[in-house]
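Here are some short exercises to work through with the structure open beside you. Try each task before you read its solution.

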Amino acid sequence: MSRTALRICPLCEATCGLTLTLADGAVTGARGDREDVFSRGFICPKGAAFGALDSDPDRLRGPLVRRAGRLREATWEEAFDAITAAVPALVREYGAQSVGVVLGNPNVHTMAGALYPPLLLKALGTRNLFTASTLDQMPKHVSSGLLFGDPFAIPVPDLDRTDFLLLLGANPVESNGSLCTAPDFPGRLKALRARGGTLVVVDPRRTRTAALADRHLAPRPGSDALLLAALAHTLIEEKLAAPGALEELSQGIGELGAALGSFTPEAVSPACDLTAAEIRTLARELAAAPTAAVYGRIGSCTVEYGTLASWLVDVLNILTGNLDRPGGALFPLSATAPPGRPAGPGKGFALGRWSSRVGGHPEAKGELPMAALAEEIETPGEGRIRALLAVAANPVLSAPDGDRLDRALAGLDFMVSVDPYLNETSRHAHVVLPPPPPSRSAHFDFAFNGFAVRNQARYSPAAVPLEGEGMDECEIHARLILAVSGLHGAPPEAVDERVIADTLARAVTDPHSPLHGGDPQELARLLNGTTGPERRLDLMLRTGPYDLTLDDLRQAPHGIDLGPLRPRLPGVLKTRSGRIELLPDPIAAELPRLRAALAERPAALVLVGRRHLRSNNSWLHNVPALTGGSNRCTLHVHPHDAERLGLVDGGQARITAEGGSLEVPVEVTDAVRSGVVSLPHGWGHDRAGSRLSVAAAVPGANVNQLLDGTRMDRLSGTAVLNGFPVELTPLP
Ligand code: SF4
């Protein structure tokens, strides 16, 4: 007997609503939910493969505990016992910093990953936090923190209303968007052009997104900050800047002209490999558009000046008057956003409140660079990381120099992985705690609603009950927190009830909270939900900006539309000045380095990554339905470079960079510009001890092995994964 159930897709940031077909407790099909208020029936091949991922036979069904050097099946009790026996004792002997935490990208796609890691860090008291952000979007957090005082105040392009969209280093037709949650991103781009708008794509590759554009500019990788600085310079020099009301809200606007003075289009032209005329034309078009939005993503973030590029994206939105207005770039307002506060000075955002022990890397948003994890484990001395808790993280594949990290992990005293797979990283763990398949978890998008191009709220209860020995993902996290606190055996609900009690205690005394003046006990009794996380969600909705409850969401299974994005300034500002701090000190101090880069001789050949529609980082290579086709780990080489280097299509090449070398299959294509080669990331599934049978059959090469981890965006600690020099030699 089959039935259907609704589930928000957790496989990328677009958060499409799916209709799952279920039979005998298994997902037998997935199609787009036509009534979903946000995605309106859109689905991509990844979402369509939801069932195959959900029922992957390589998924772990129960915990593993290492005994006599080998991981063996164990009960949940034994697994948490092992954690309780190891972690508190290490903390007692070596201190809180001896435990590191690694959070992978899938955490932002689950309720558990949003609700519990902050509590885990608090319980441990460690500052050794490493996340996928320093392999991805940390530059955007840092620039937003410096500009607006809040690292999560990230404006998103108003895709459905803008007249002019400038995309840099982003390929949403394949990725479906990032830091811009928009189901059917490709359809929205086509609609922009259909209503007479203009799409300009800046990318060294002629991506599927670039193919949709009115104009495609293919500059040299890593030159985004120079290009953006020249666009800003042109707006100021040609008196095209028109910030309007934003001028009153900003400080430092008058100093921008001098700060960017040397970045003329003529000066940056050789480094960007674009003509000065092309740059000036783009600046003029941006200024002339009735509304416009500039949006930069991974290709402009994971480069040496990623934070400067991220900052300049918003500088352009401000100079053109497009920040915080319909059709420009706006701040979403999610249904679980904390209560607003009156405009005025806030606490501000600080960088470098502490530094990493070995490399002295400054923290950013409470995190240390993922590229510094291996040295923090390997280097002896006080504060060395001896135990690691890795939650949905596979840094052996995703961080620079996976071989070194692989060796470092093998030397840990103790490691826990919360992961459904025995993968390249979790195979080092002493305890593996596998969450159930996504169909068996409830879902609410705490993270991505804050980056959505339309305000909405949707909740999916678990589509299928837990089976056998499976444990709910939130319960795993709550029990892990108790276990590292030495409280294994306490009821996991206690973790949630503590949060609820603390939140209510604050809310009833906060004059801006809708619960101000209430009785905390009485309010706690009012909360709905059959589980701790549901009650926490209900509380966040009740204290949120839309006066919603969990029951409201349950009664609207296709979601509640909360309308288009609206202007939110100055309410979002938390800077010390209470204004947009347009030229903050850390940025001003970094500009001379960017200026010096103008004199550097560009490398003859550099590497960039690429995204495939049927892939997402290292997650999906074990799903047969998503392998093959364009989703292959090949090196794209331009025909001119192939001829110059003696490479042939279908042949093999050795690619070498400062971190090592790889042998890769060559695909000759003019989809990548000359002087640039492209290799996707997330591959390299050939390490013994993993249990990923489909991925291991076509392992691919791990591009991050080319890096030694020393190249970083200095302000954010983000690894340089794009635009680094490589050499190629043909192999027989
Ligand atoms: S676009 Fe993303 S959210 Fe939508 S179906 Fe595909 S993977 Fe899922």
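Helices are DSSP runs of H or I with at least four residues, numbered from the N terminus. Keep in mind that this model is predicted.

**Exercise 1.** Find out which residue follows α3 and what sign its phi has.

Solution. Step one: locate helix α3, which covers residues 76–94. Step two: move on to Gly 95, which follows α3 and has a positive phi, near 95°.

**Exercise 2.** Check whether the end-to-end distance of α3 agrees or disagrees with its expected span.

Solution. Start with the 19 residues of α3; at 1.5 Å a residue they should span 27 Å. Next, take the end C-alpha atoms: they are 27 Å apart, so the two values agree.

**Exercise 3.** Work out which parts of the chain the salt bridge between Arg 208 and Glu 174 ties together.

Solution. First look at the contact: the closest N and O atoms of Arg 208 and Glu 174 are 3.8 Å apart. Arg 208 lies in helix α9 and Glu 174 in helix α7, so the pair ties together parts that are 34 residues apart in sequence. Now add the surroundings: Arg 208 is partly exposed, with a relative accessible area of 45%, whereas Glu 174 is buried at 10%.

**Exercise 4.** Decide which strands stand at the edges of the open sheet of seven strands.

Solution. Write down the order, β30-β23-β27-β24-β26-β25-β31. Then look at its two ends: β30 and β31 each have a single partner strand, so one side of each is left without a neighbour in the sheet.

Terms used
Residues are numbered from 1 along each chain as its sequence is written. This is a predicted model: local features need pLDDT of at least 70, side-chain atom pairs count only at pLDDT 80 or more; totals for chains, interfaces and linings use all residues. Side-chain values use heavy atoms; hydrogens and water are left out. Two strands pair if DSSP finds at least two bridges between them. The expected span of a helix is 1.5 Å times one less than its number of residues. A salt bridge is a side-chain nitrogen of Lys or Arg within 4 Å of a carboxyl oxygen of Asp or Glu. Buried means under 20% relative accessible area, exposed over 50%, partly exposed in between (1.4 Å probe, protein chains only).
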